[in-house]
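User: I would like to learn how to read the surface, fold and core of a model. Please take the features one at a time.

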Amino acid sequence: MDTAQLKRFCSRFPAATKTLHGEPSNILVYAVGGKTFAYFKTSEPERWRFSFRATPERFVELTDQPGIKPARWMGRWYWVTVVDVRQMPEEYLRELVTWSYHRALGTLSGKRRRELVGGWRVV
């Protein structure tokens, strides 16, 4: 999966929004109900590095792999950064991003979730 495909994947989640933040952060953020579930760095030298939240167990597993590291400033909350998304198996990456989306959605109140996604269930 390349960067363009991953951007489309993130945009397809129910009620997902994307916001481009310029200087000084230079990130493209994907969120649901104002809760971030993934983002891309948009400036050099880290252009198109991709970050998302993982479970504590997956965080350890992922950061042991080459090309995946704790996300800058966000690692303490189990966010990881993938240096080159093309190096990760597509289905595995989809699974991880889907979990991050559900995690963000799950932090919203039940009322807010229903407003955004109706009867769609959080897994």
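**Surface, fold and core**

Analyst: About 7,200 Å² of the chain is exposed, and carbon and sulfur atoms supply 52% of it; accessible areas come from the Shrake-Rupley method with a 1.4 Å probe, and for residues only the protein chains shown count as cover. This is a predicted model: local features need pLDDT of at least 70, side-chain atom pairs count only at pLDDT 80 or more, and totals for chains, interfaces and linings use all residues. Residues are numbered from 1 along each chain as its sequence is written, and side-chain values use heavy atoms, with hydrogens and water left out.

User: How many helices and strands does the chain have?

Analyst: Helices (H or I, at least four residues) and strands (E, at least two) are DSSP runs, numbered from the N terminus. Here there are 4 helices and 6 strands, in the order α-β-β-β-β-α-β-β-α-α from the N terminus on.

User: Which residues have the most contacts inside the largest nonpolar core?

Analyst: In soluble globular proteins, nonpolar side chains tend to be buried together. A nonpolar core is a set of buried (under 20% relative accessible area, 1.4 Å probe, protein chains only) Ala, Val, Leu, Ile, Met, Phe, Trp, Tyr and Cys residues joined through side-chain atoms within 4.5 Å. The largest has 30 residues, and Leu6, Phe37, Phe50, Phe52, Leu62, Leu93 and Val97 have the most contacts inside it. The helix α3 gives the most to this core, with 7 residues.

User: What is Leu6 in contact with?

Analyst: Contact means heavy atoms within 4.5 Å. Beyond its neighbours within four places in sequence, Leu6 touches Met1, Phe40, Phe50, Val85, Leu93 and Val97.

Definitions and conventions. Buried < 20%, exposed > 50% of the residue type's maximum accessible area, 1.4 Å probe, protein only.
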